[in-house]
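Trainee: Could you walk me through one part of this model in detail? I would like to begin at the start of the chain and follow what it leads to.

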Amino acid sequence: SASSATCLGVALGRLHRLDEAVRHLRQATVLDPAHGEAWTNLGLTLARLRPDDEAFAAGLHARQNVAV
């Protein structure tokens, strides 16, 4: 599920296994494109790995899909 993939991605990020974390967080966004937590964590993890346009785009997508 998207929630499981997100949890795994977050856990891997905390272990500084950023490439693996990104892979699972991307999987979560494919499983549920509206999963705001997955997009948020993907953006944050990408920014830690390589601050670039992809990280910014994921963060922007998260802001647009998270209920306020």
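Is Ser1 buried or exposed?

Mentor: Ser1 is exposed, with a relative accessible area of 60% (buried is under 20%, exposed over 50%, partly exposed in between, with a 1.4 Å probe and protein chains only). This is a predicted model, where local features need pLDDT of at least 70, side-chain atom pairs need 80 or more, and totals for chains, interfaces and linings use all residues. Residues are numbered from 1 along each chain, and side-chain values use heavy atoms, without hydrogens and water.

Ser1 sits in the segment before H1. Find its C-alpha atom and that of Leu31: they are 6.8 Å apart, although 30 residues separate Ser1 and Leu31 along the chain. Leu31 belongs to H2, on the side of that helix's contact with H1.

Let's place these helices in the whole protein. There are four helices and zero strands (DSSP runs of H or I with at least four residues, or of E with at least two, numbered from the N terminus). Their order from the N terminus is α-α-α-α. Of the 68 residues in the protein, 37% are buried.

Now look at how H1 and H2 pack. Their axes are 8 Å apart and make an angle of about 165° (lines fitted to C-alpha atoms over the stretch in contact, with N-to-C angles from 0 to 180 degrees). That makes H1 roughly antiparallel to H2 (over 145 degrees; under 35 is roughly parallel, 65 to 115 roughly perpendicular, the rest oblique). On the H1 side, the contact (heavy atoms within 4.5 Å) includes Ala2, Ala5, Thr6, Leu8 and Val10. H2 contributes, among others, Leu18, Glu20, Leu25, Ala28 and Leu31.

Between these two helices is a loop, and His16 lies in it. His16 has a positive phi of about 65°, although it is not a glycine. At 61% relative accessibility, His16 counts as exposed.

Just along the chain is a pair of charged side chains to try next. Glu20 forms a salt bridge with Arg17, with their closest N and O atoms 2.7 Å apart (the cut-off is a side-chain nitrogen of Lys or Arg within 4 Å of a carboxyl oxygen of Asp or Glu). The structure holds one salt bridge. Both partners can be checked for exposure: Glu20 is partly exposed at 25%, and Arg17 is partly exposed at 38%.

H1 has another neighbour to visit. The axes of H1 (residues 2-14) and H3 (residues 36-49) come within 10 Å and cross at roughly 25°. H1 and H3 are therefore roughly parallel to each other. Thr6, Val10 and Gly13 of H1 make this contact with Glu37, Ala38, Asn41 and Arg48 of H3. Notice that Thr6 and Val10 also belong to the contact of H1 with H2.

Zoom in on Asn41, which is found in H3. Asn41 counts as buried, at 18% relative accessibility. Leaving aside residues up to four places away in sequence, Asn41 touches Thr6, Val10 and Leu25. Leu25 is one of the H2 residues that meet H1.

A last number puts such pairings in context: among contacts between residues at least 6 apart in sequence, 40% join residues at least 24 apart.
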